[in-house]
Amino acid sequence: FDLLADGRFWGALGRTALVMAVCVPVEFLLGLALATLFVDEFRGKKLFYSILLMPMMVVPAVAGYMFYMLFQSTGPINHLLSAISGSHVGIAWLSQPTTALIAVMIADIWQWTPLMFLILLAGLAGVPEDQIKAATLLGANAWQRFYTIVIPRMKSIMIIALAIRLIENFK
């Protein structure tokens, strides 16, 4: 019961909840947007598909070290921000709790958006195309088709994808 009185425990739980509240919705929305782009055929689809799935195939320890190097004070992230702003940026990303949490969130989103993409793409592939075509013939625009046909057909897939990521992210 000493655990319930420990402020560090509640702080860690709060940070975990914050990471979950930010990362999972961002991963879901990015995954859904990418899945809607990839459901149609286009030139170079296989190449982009492979590039998009690479982050998920990286071992988490390697991804952690890679982002550790990226977010160093003299790392590429600060160089990129310096080039964009035109002045020297020397943020000590991993030395401050707030910026370290942002770096962790960016790494998590980078690595696990492809999983959301795959799950949601599989769900989109299962939406009957004849219903989409019928709605198009009846004059429904893209948003109406998405909202009235695609989302209801994918509701269970979306719930499963969110549940998997919430559980995994909480770990």
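**Reading pockets and a helix crossing**

Author: Let's start with the second largest pocket of this predicted model: by class, ten nonpolar, two polar and one charged residues make up its lining.

Reader: Happy to begin there. How is such empty space found, and which residues lie nearest the centre of the second largest pocket?

Author: Rolling a probe the size of a water molecule over the atoms shows where empty space is left. Here, the second largest pocket holds about 220 Å³ of space. Its lining has 13 residues, and Ala63, Gly64, Val104, Ala107 and Asp108 lie nearest the centre.

Reader: Which element gives the most to that lining?

Author: Helix 6 does, with six residues. Helix 4 (60–70) also supplies at least two.

Reader: And how much space lies in the largest pocket?

Author: About 400 Å³. Of its 14 lining residues, Val39, Asp40, Leu124, Ile132 and Val150 are the closest to the centre. Two or more lining residues come from each of helix 6 (97–125), helix 7 (129–137) and helix 8 (142–170). The lining divides into eight nonpolar, two polar and four charged residues.

Reader: Now the helices, please. At what angle do the axes of helix 3 and helix 6 cross?

Author: Helix 3 (residues 45–57) and helix 6 have axes that cross at roughly 125° and come within 6 Å. That angle makes helix 3 oblique to helix 6, and the crossing is left-handed.

Reader: Which residues make the contact?

Author: From helix 3 come Tyr49, Leu52, Leu53, Pro55 and Met56, while helix 6 brings residues including Trp110, Trp112, Phe117 and Leu121. By class, this contact has twelve nonpolar, one polar and no charged residues.

Technical notes. Residues numbered from 1 in each chain as written. Predicted model: local features only at pLDDT ≥ 70, side-chain atom pairs only at ≥ 80, totals over all residues. Heavy atoms only, no water. 1 Å grid on protein atoms, 1.4 Å probe; cavity = no way out; pocket = protein on both sides within 12 Å on 5 of 7 lines; lining within 4 Å. Points joined across faces, edges and corners; volume = space filled by probe spheres on them. Helix = DSSP H or I, 4+ residues; strand = E, 2+ residues; numbered from the N terminus. Nonpolar A, V, L, I, M, F, W, Y, C, P; charged D, E, K, R; others polar. Axes fitted to C-alpha atoms, helices over the stretch in contact; angles between N-to-C directions. Parallel < 35°, antiparallel > 145°, perpendicular 65-115°, else oblique. Left-handed = near helix turned anticlockwise from the far one by under 90°. Contact = heavy atoms within 4.5 Å.
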